[in-house]
Amino acid sequence: MSLFADAWAFIADPANWSGPTGIAHRIAEHLWYSLLAVAGAAAIAVPLGAVIGHTRRGAVVLVGVVNALRSLPTLGLLTFLVLLLGLGLIPPLVALVVLGIPPLLAGTYAGIVNVDDAVVDAARSMGMTQWQVLSRVELPNARPLLLGGLRSATLQVIATATVAAYVNLGGLGRYIFDGLALYRYDLVLVGAILVAVLALVVDGLLALVVWVSAPGSHRLRRTPRWVSAEISRRTALPTA
């Protein structure tokens, strides 16, 4: 129990929250690395998943890519990138981007594929181009599953961003690696607790976003009004 008491005493001490090595600064670094990684993963996965879902082509390749990326060990990939590129931000960032791509890619593809065919047909019957159908109809309707993929990717990246400290960068992983080097296991526990709490807080916020965008809840309008009107007009029974 003394280990947990020492860890709590470290977290509760206001002196440990200030300065370039303080908890607040380490949390900011951790969030910055995670934000860069998730943004990079989204820039790759969302367009690719949207195109494959819209065209219905390449699904087999998509499954293979997702499974292959999920099987890569992040620490092993990071070690390889360090040997290839040297120390710095690029190796851990690339490793975290690779970690975040599979859930975003799968979520985007599933969201596009599961859009109601009636909505898509109504948009096409109004003369919309393929790009307009994708950007104005399919992507807005795919929002819940896309955000679900974003939530999963963000949680995984935040939980794994501790590897940045492996290449002498900052973040909450600094407490874990420094604690192991100094045999200060209370510091290791501090890093583990802070990462877990940060991941839970961010996951809770993203869960709220997903809840707001849930279909049929009207918390966010899922189907544009003009699409709903067109569907109603085309499905209405003819009057005598």
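This report describes a pocket, several salt bridges and a few individual residues in a predicted model.

**The largest pocket**

The largest pocket of the model has a volume of about 150 Å³. Its lining is made up of Leu31, Ser34, Leu35, Val38, Thr154, Ile158, Val202, Leu205 and Leu206. The elements that contribute two or more residues to this lining are helix 2 (23–55), helix 8 (143–160) and helix 10 (185–212), and the largest share, four residues, is supplied by helix 2. In terms of chemical character, the lining residues of the largest pocket divide into seven nonpolar and two polar, with no charged residue among them.

Ser34, one of the residues that line the pocket, belongs to helix 2. Ser34 counts as buried because its relative accessibility is 4%, which falls under the 20% limit for that class. When its neighbours within four places in sequence are left aside, Ser34 is in contact with Val157, Ile158 and Ala161, and of these Ile158 is also named in the lining of the largest pocket.

**Salt bridges**

Side chains of opposite charge can pair when their charged atoms come close. A search of the whole structure finds four salt bridges, and the table sets out three pairs, including the distance between nitrogen and oxygen for each.

| Pair | N to O distance |
|---|---|
| Arg26 and Glu29 | 3.0 Å |
| Arg174 and Asp178 | 3.2 Å |
| Arg184 and Asp186 | 2.9 Å |

How far apart are Arg26 and Glu29 in helix 2? They are three residues apart in that helix, and therefore separated by about one helical turn. An α-helix has 3.6 residues a turn, so residues three or four places apart point the same way. Both partners of this salt bridge, Arg26 and Glu29, are buried.

Arg174 and Asp178 both lie in helix 9 (residues 173–182), where they are four residues apart, about one turn of the helix. Are the two partners buried or partly exposed? Arg174 counts as buried because its relative accessibility is 14%, whereas Asp178, at 30% relative accessibility, counts as partly exposed.

In the salt bridge between Arg184 and Asp186, Arg184 is partly exposed, with a relative accessible area of 35%, while Asp186 is buried, with a relative accessible area of 10%.

**Helix 9 and its surroundings**

The buried residues of helix 9 are Gly173, Arg174, Tyr175, Ile176 and Gly179. Arg174 thus appears both in this buried set and in the salt bridge with Asp178. The cover over the buried residues of helix 9 includes helix 1 (2–12), helix 2 and helix 10, and two of these elements, helix 2 and helix 10, also give residues to the lining of the largest pocket. Helix 9 is followed by Tyr183, a residue whose phi is positive, near 60°.

**Thr55 in helix 2**

Thr55 has its place in helix 2, the element that also holds Ser34. Is Thr55 buried or partly exposed? Thr55 counts as partly exposed because its relative accessibility is 38%, a value that lies between the limits of 20% and 50%. The side chain of Thr55 reaches the backbone oxygen of Val51 at 2.8 Å. Thr55 can also be placed relative to Leu134, which is 79 residues away along the chain, and the C-alpha atoms of these two residues are separated by 9.9 Å.

How values were computed
Residues are numbered from 1 along each chain as its sequence is written. This is a predicted model: local features need pLDDT of at least 70, side-chain atom pairs count only at pLDDT 80 or more; totals for chains, interfaces and linings use all residues. Side-chain values use heavy atoms; hydrogens and water are left out. On a 1 Å grid over the protein atoms alone, a cavity is a set of points where a 1.4 Å probe fits but cannot get out, and a pocket is an open set with protein on both sides within 12 Å along at least five of seven lines; lining residues have an atom within 4 Å of a point. Grid points are joined across faces, edges and corners, and a volume is the space filled by probe spheres set on the points. Ala, Val, Leu, Ile, Met, Phe, Trp, Tyr, Cys and Pro count as nonpolar, Asp, Glu, Lys and Arg as charged, and the others, Gly among them, as polar. A salt bridge is a side-chain nitrogen of Lys or Arg within 4 Å of a carboxyl oxygen of Asp or Glu. Buried means under 20% relative accessible area, exposed over 50%, partly exposed in between (1.4 Å probe, protein chains only). Contact means heavy atoms within 4.5 Å. A polar contact is a pair of N or O atoms within 3.5 Å; within protein, one must be able to donate a hydrogen and the other to accept it, and residues adjacent in sequence count only if both atoms are side-chain atoms.
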